[in-house]
Amino acid sequence: MKPSWTDISEAACAVLNTEKASDKATLARRVAAAWRDETVLFAFTQKPPVRPARPSAPQLLPPADMPRRRKGGNETNRRALLHAVAHIELNAIDLAFDIVARFGHIMPRGFTDDWISVGDDEARHFTLLNGRLKANESFYGDMPAHDGLWQSAMDTSDNLAARLAVVPMVLEARGLDVTPAMIAQFENSGDTVSAEVLKTIFEDEIGHVGVGSRWFKFLAGKVKKDAEPWFRELVKKYFHGHLKPPFNTTARNRAGMPRDFYEPLVKKKDKPPVKPTSA
């Protein structure tokens, strides 16, 4: 079917303005296919909305007001975990298409290529997770979710370097730290299908964090800044939280984020104790 959009900003805004979660994921994949087929122009005539359209459920709460998820592999906990990750992936669809519509016009075409590909992956992830929710007699929207990811997007809406530093290089990089434990939780509970879905997401997300890191370094070179201290400067200014270890340094290294980027941001009280050496 011939796409109904003329340029990539119009197509990206169509994704952002789609309310129903499953429809948003489907449209995101259609836009990505049209972009790969070169049936959408590399041009920018539309500005993205301040907030993307979202379904009436789930109820969005401030992160501090979210009910705490209990640990363990029982069915209720597995549903809650799947729902939380599905919500992150839905946000990630919007974040990918927002960064294209908002900043693509000031960047090389390869920037749009990368983030459209990321948005395609995030839509695929959401669809996989939504399927696992249904298999566990649940659905996206039946539990509350927090709005912290989009608040970070709004805080960095006029600063591409800050957006890259905070969203892929802090928030999405955190997923690299915590996902292996989630995978183990599902495997231990016997839900190997959900564990395999999370393994797929984990591998893809290393690449997504890598996209953020690569374009952040591109901007640093463009303005003749040292990437590592500039990253820390922007995180301190725009990220309303702090980084907590332990870090998955192997995955972060694969994504182009060595320790020197983020470890200086860890508060002293959160640093793991140094093991004494034997005499």
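Start by selecting Arg 79 and Glu 137 in this predicted model. Their side chains form a salt bridge, with the closest N and O atoms 3.8 Å apart. Arg 79 belongs to helix α3, while Glu 137 sits in the loop between α4 and β2 (145-146), so this pair ties together parts of the chain that are 58 residues apart in sequence. Colour Glu 137 by accessibility and it will show up as exposed, because its relative accessible area is 67%.

**Next stop: Arg 54 and Asp 94**

Now show the side chains of Arg 54 and Asp 94, which meet in a salt bridge with an N to O distance of 3.0 Å. Arg 54 comes from the loop between α2 and β1 (60-61) and Asp 94 from helix α3 (residues 75-103), so two parts 40 residues apart in sequence are tied together here. Are these two partners buried or exposed? Arg 54 has a relative accessibility of 17% and counts as buried, because the cut-off for buried is under 20%. Asp 94 is buried as well, at 0%.

Keep that pair on screen and add Lys 24. Salt bridges with shared partners join Lys 24, Arg 54 and Asp 94 into one network.

**Then: Arg 36 and Asp 120**

Move on to Arg 36 and Asp 120, whose side chains form another salt bridge, 2.9 Å from N to O. Which helices does this pair link? Arg 36 is in helix α2 (residues 21-36) and Asp 120 is in helix α4 (residues 109-135), and the two are 84 residues apart, so distant parts of the chain are linked. Switch on a surface to compare the partners: Arg 36 is exposed, with a relative accessible area of 53%, whereas Asp 120 is buried, at 7%.

If you would like to hunt for others, the count for the model comes to 18 salt bridges.

**A histidine in helix α3**

Go back to helix α3 and select His 87. This side chain is one to view with the surface hidden: His 87 is buried, with a relative accessible area of 4%. What does His 87 touch, leaving aside residues up to four places away in sequence? Its contacts are Arg 54, Pro 58, Leu 60, Tyr 140, Ala 145 and His 146. You have already met Arg 54 as a salt-bridge partner of Asp 94.

For a sense of scale, draw a distance from the C-alpha of His 87 to the C-alpha of Ala 165. The line spans 21 Å, and the two residues are 78 apart in sequence.

**Zoom out to the whole chain**

Finally, clear the selections and switch to a cartoon view. The protein chain has ten helices and two strands. Reading from the N terminus, the order is α-α-β-α-α-β-α-α-α-α-α-α.

The C-alpha atoms fill a box of roughly 70 × 55 × 30 Å along the principal axes. A compact globule of 279 residues would have a radius of gyration near 19 Å, and the chain has 19 Å, which agrees.

Colour by burial, and 51% of the 279 residues fall in the buried class. Of the contacts between residues at least 6 apart in sequence, 81% join residues at least 24 apart.

Turn the surface on for a last look. The accessible surface comes to about 13,800 Å², with 53% of this belonging to carbon and sulfur atoms. Colour by charge to pick out 40 positive and 35 negative charges, whose mean positions are 5 Å apart.

Methods: Residues are numbered from 1 along each chain as its sequence is written. This is a predicted model: local features need pLDDT of at least 70, side-chain atom pairs count only at pLDDT 80 or more; totals for chains, interfaces and linings use all residues. Side-chain values use heavy atoms; hydrogens and water are left out. Helices (H or I, at least four residues) and strands (E, at least two) are DSSP runs, numbered from the N terminus. The radius of gyration is taken over C-alpha atoms; the globule rule is 2.2 Å times the number of residues to the power 0.38. Buried means under 20% relative accessible area, exposed over 50%, partly exposed in between (1.4 Å probe, protein chains only). Contact means heavy atoms within 4.5 Å. Accessible areas come from the Shrake-Rupley method with a 1.4 Å probe; for residues, only the protein chains shown count as cover. Lys and Arg count as positive and Asp and Glu as negative; His and the chain ends are not counted. The place of a charge is taken as NZ of Lys, CZ of Arg, CG of Asp or CD of Glu. A salt bridge is a side-chain nitrogen of Lys or Arg within 4 Å of a carboxyl oxygen of Asp or Glu.
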